[in-house]
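User: I would like to go through this model and ask, for each label attached to a residue or an element, what justifies the label.

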Amino acid sequence: MPEQSRRQFLQRLALRSDALSEKSDKTLVCIFLRGGADTLNMFIPYADDTYYKIRPTISIPHPSGKGSDASIRLDDFYSLHPKLAPILPIYKEGRMAVVQAVGTDNPTGSHFETQDQMEHGDGFKKTAGGGWLARYLRARFGNNLTPLSAVSIGPMLPESLRGAPGASAITTIDDIRIKAPCENPAVVAQALTSLYGADVGVLSIPGRDTLRLLTRVETLRTAEYKPANGANYPDSNFARGLREVARLIKSDVGLEVACVDLDGWDTHFVQGSVDGQQAALIETLGAGLAAFDADLASRRKQVTTLIITEFGRRTYENGSLGTDHGRGFAAMVIGDGLRGGQILGRYPGLNEAKWVLGPAGLDVIYDYRTVLSEVLTNKMALRDIGAVFPGFEPQKIGIVA
Amino acid sequence: MTSELSRREFLAISTLLGCALPLAGCSNLNGYVADSFGGGIPEKISVPDSPQIDPAFHLISRAGFGPWPGDVERINKQGAKAWIEEQLEPESIDDRLCDFRSKRFESVFLDPGTCYEFKREALRKDLCRYHLMRSVYSKRQLLESMVEFFSDHFNIYIEKGDCIYLKATDDRSVIRKNALGRFHDLVLASATSPAMLVYLDGKENKKEGPKGIPNENYARELLELHTLGVDGGYTQNDVYEAARCLTGWRLGSDSKRGTAFFDPNLHDDGEKIVLGKKIRAGGGEKDVAALVNIACNHPSTAKYIAKKLVSHFVSEEPPQALLNRVAKRYSETGGQIKPMIREILYSNEFKESAGSKMKRPFQYVVSCLRATGADTMAGDEVLEYLTRMGHGPFQYPTPDGYPTEANPWLGTLLWRWNFAFALCSNSIETAKVELADLCNAVGLEDLAGIKKSPATLFAYLAGRRPNAEESKAFKDYLSQRNFEDEKVRDELVGLILSSPAFQKV
C-alpha cells in the first residue's frame, strides 16, 4: 500500500461524513448550575418581608439601601444580586428573560435523581429514553449531524446528550489531536479508524466520531483566538468553557448544542450573602455570561443561552447559615426576540406556614419542560416537540415574544 | 508470587531508599529496587493463544487493575481459586516492594493534626500519588480494587473545606481498614469520619434551640447513596429523623484539630423513628450506631450493595440470579464483604462476562502502566492525564462518586490514545517503560520479529489473539511504517493500548 499523505487521508475522512454542514443557523447553549442554585438570592423578592424574616443572615440587602451591598432594583418586587451587575445591561435591553417558580415533579430532593430527570427531559418515574438534547438533535436534524454538532465543555458528556448521534466532550480545542511517536499521525488515525470501525460494542461510534472530530478541529487549531468587542473572559473554568464555545460558534463548524456546567451551588453551610460562598459563584456566572454575550454580539440571531439548575433551595436558612434542598427556582434565557427585561411567571410566596413541618421550598408552578419546550419550539424552530417530551403537555409562559 | 525477600535484604534496601529517596532521580532507584527483588519484567513471558480472553487475564483485570508482566502465568500456575483466596487475605501477601515505593508520600500516614502543618498542594499530591502507586504496584490487587470501589461509594471531594487534611485518615481507618471487612463497620466508621463530617456537613448538624433545624445533607446521602439506594423505600421523614440521630458530632480545635467528638448539648436526644424502627430517647452518641444498624440491616441495602458490587465486577446490567445470591450472602452474614466477592468471582456469570465492560480512565491508565511494567513515581504528568479525563483520585465533587457505567466516559478516547502514545515513547517524565525488554520477554527479539508478529504483542496486552479485522488493521499500519526506526515499536504498542480491545475489561 503506498504512503498516503495526510491531506488525502483527511479528505477521505471528510468525504465519508456526507452531510457536514459548515453553518448552523441556530445554536443552543445550555448552562447547568449543579448542586441546586439558590435563585431567591439572585432575583430577590425584596418586596416580600417574609424573605428578610426567614433569611436573617443570608438575605441580600433591600435595593433602597446605600452602598455596594444593596441589591439592584429590577421592578417593584424583584431586585438583582449585586454580583450579577454585569448582566444587568442584557436584562435591561430585553434580551434576558427570567421565569420564576420553575422545577420538576421530582419529590426525592436528590441532586442526582433530579439532575438525571431534567437532563433526560423526563417526568418523575416516566422515562423518555436518553437525554433531551439528544432527542432534540435527532428530531431536529435527522442524520444531518457533524462531529461538532454537540459539544460539552469538560471531561464527560452530560446526561442530556446521552444517546446523541455525535457528541464530543472537550476542554479546549487547542490540543485536540493525536500525538503519536512517528511522523505522519494520519497513519495512526487510519489504523484507529479500522480498529474502531470493526468494533461491535459501544466503542465503535465514539471512536469514529472522535477521529472525525480531529479532522474538523485541525483547521481551527492553527489560529489564535481573539474575543470580539473587548469581551473580557474572567479567569475561571466556566468562562474558559464559554470562550471555547464562542470560538466554535464563530468558526462555523456546525455547532448546534453546547453544554457548560457551573458546579458548587449546594450551599448547605454558610452560604453567605452579598459576599461569600454563593456570591463567588454568582460573580463567576455573571462575569462569564457578560463576556460571552459581548463576544458573540454579531451572532445574536443565532445563539440562545439557557441557564437552569436541578432545584432551588429552601426558602428559609438552616441552623448552619445555609439552605437545604428546595423545589422551585428561577430559570434564565438569553437571546433575541424574548419577552425579556422582566421576571415572568407567578411568584408563589415563601410559604412560611409550611416550612416548620420539614422539607419545603418555593412551590413549582411551571414544569421545567415548559421552559425547554418554549425555547425549542419558538427559538430553535423545532416542529415536533412531542418527539423530545413525549406525552408532555406544556403550559404557557410566553418566554418568546 | 515472587520469591520471598530476606529480612536482611529488605532492611538494606530500606535504609538505602530512606536516605536517597528525597533526592532527584529516584525513579532510577525505584527501577533498581524492582530489579533487585524480581519486581520488574520477567525474562520470559508466555502469551495467551486463544481467540477468547484468557480466564486468568480476565480475573486479574476485573478483580484488580490488570496483569503486571508475568501475572497471568503466575495465576495459571497457582490456580484461580488459590489466587482469589490469597487476594481475600491481603495480609498474607508480601507487599513490601509496593510499601517501599509508596512510603515517600509521608503525609498519608499522619494524623489530621499533623496534616494541618502541610500545604494543601503537598497533601493533594501525596494522596493522589499514593493511591495511584498502590494501584499500579500492590500485589494486593483485589484490596486496591475494593479501595477504589469504596472510595467512590463513600466519595469525599478533597477540595471541599478541610477535607484534604482529613482524607488520608479516612482512607486508612475507614476505607482500607474495612474494604474487605463488614459493610456495617464501614458505614459506621464513615459516619463519624472527620472527612465525611466536613464533606457532607455533619459537623454542622446540631440541635439548636427549641425550633432547631438539623442539617440533612449527610443523612440524606446515607440513605440514598450509602445504604438503601434512592428507591430503597425511605421517606423524606426518614431523612429528617436520621438527621436528628446524627446531631451533635463536631470536630475539635487546637490540639484536637481534625478529630471527631460528640457534644451531647448539641444532640437532639428525643425519640426518633427511622424506617419504622424506634430509637429510644436518651441514646446520645449511640444513636449513630443504632441508625447505621437499622439502615444496614434493611433489605434494600442488601439489594443495593449487591447491585453495586455485581455492576462493578460483572456487568452494567447485572444478572438477577447473581444479584439475588449476592444479596443473600449479605443478609445471612450480616454484611460481610468477602462472601459477596467470593459469590461473584466464582460465578459463571463472572466468567462469561470477559471483555464486556469498559475501563474507566483510572483503570485504563493503571492497566497501561502495569501491562508495560512501567517504572513510575506517579508524578504530576500522570495525574494530569487523569484530571484531563475527569478521573483524578478524590476529585469528584458530588457524593455519588465517579460514574461506574461506560457512557459518561465515552468522550475520553482521545486522551486515552495520547496517554498510551506518550507512555510508550517515554515522553512522560515520571513514567518510563522498557519496551525492548517487554518485546524480548514475549519472544520478539528485534524489530523484524515485531513486524512479523504484531499478534504476539496484541495477545500479551489484550489477553487474546487478534481477530481477522484487527490483524488486518495492524498489517496495513505496519506496511506504511519504516522498520529501521525503533519508534515504530513504541507506536505499535501505543496503538494496541489505544485499540478498542484494551479499553475493555
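User: In which loop does A:Lys125 lie, and what makes it exposed rather than buried?

Analyst: In this predicted model, A:Lys125 belongs to the loop that runs between H4 and helix H5 (132-141) of chain A. A residue counts as exposed if 12 or fewer other C-beta atoms lie within 10 Å of its own, and A:Lys125 is called exposed because it has 10 such atoms. Its phi is near 60°, which is a positive value in a residue other than glycine.

User: What makes B:Leu275 buried, and not exposed?

Analyst: The threshold for a buried residue is 20 or more other C-beta atoms within 10 Å, and B:Leu275 has 20 of them, so the label is buried. The residue sits in the loop between strand S3 (272-274) and strand S4 (277-279) of chain B, and its phi, near 50°, is positive although the residue is not glycine.

User: How do you know whether A:Ala97 is buried or exposed, and what is it in contact with?

Analyst: A:Ala97 is part of strand S5 (residues 96-103) of chain A. With 27 other C-beta atoms within 10 Å, set against the 20 or more that the term requires, A:Ala97 is therefore buried. Contact means C-beta atoms within 7 Å; once neighbours within four places in sequence are left aside, the contacts of A:Ala97 are A:Val333, A:Leu338, A:Arg339, A:Gly340, A:Leu344 and A:Ile399. For A:Ala97 and A:Ile60, the separation is 37 residues in sequence and 21 Å in space, taken from C-alpha to C-alpha.

User: What makes H4(A) a mostly covered helix?

Analyst: The description rests on a count, in which 7 of the 10 residues of H4(A) are buried. These are A:His111, A:Thr114, A:Gln115, A:Gln117, A:Met118, A:Glu119 and A:His120. Just after the helix, A:Gly121 takes a positive phi of about 65°.

User: How do you know that the span of helix H8 (residues 237-250) of chain A is close to what is expected, and how many of its residues are buried?

Analyst: The helix has 14 residues, and the distance from its first C-alpha to its last is 20 Å, which is close to the expected 20 Å at 1.5 Å a residue. Of those 14 residues, 11 are buried, and on that count H8(A) is described as mostly covered. Among the buried ones are A:Phe238, A:Leu242, A:Val245 and A:Ile249, and charged-type names such as A:Arg243, A:Glu244 and A:Arg247 appear in the list too. The elements that cover them include strand S1 (27-34), strand S6 (150-153), strand S8 (257-263), helix H9 (277-295) and strand S9 (303-309) of chain A. H8(A) is followed by A:Asp252, with a positive phi near 50°.

User: How do you know that S6(A) and S7(A) pair, and in which sense?

Analyst: Pairing requires at least two bridges between the strands, and S6(A) and S7(A) have 4 bridges in the parallel sense, so the requirement is met. In one of these bridges, A:Ala150 has A:Ala167 of S7(A) as its partner. Within S7(A), A:Ala167 and A:Ala169 point one way, while A:Ser168 and A:Ile170 point the other way, and all are buried.

User: Why are strands S2 and S3 of chain A said to stand at the edges of their sheet?

Analyst: The open sheet consists of 3 strands in the order S2-S4-S3 (chain A), with antiparallel pairing. Strand S2 (43-44) and strand S3 (72-73) each have a single partner strand, so one side of each is left without a neighbour in the sheet. S3(A) is joined to strand S4 (residues 79-80) of chain A by 2 bridges, and A:Ser79 in S4(A) is the bridge partner of A:Arg73.

User: What makes up the side of chain A that touches chain B?

Analyst: In total, 46 residues of chain A are in contact with 56 residues of chain B. H6(A) gives the largest share of the chain A side, 8 residues, and that side divides into 23 nonpolar, 16 polar and 7 charged residues.

Conventions:
Residues numbered from 1 in each chain as written. Chains lettered and ligands numbered in written order. Predicted model: local features only at pLDDT ≥ 70, side-chain atom pairs only at ≥ 80, totals over all residues. Contact = placed C-beta atoms within 7 Å. Expected span 1.5 Å × (residues − 1).
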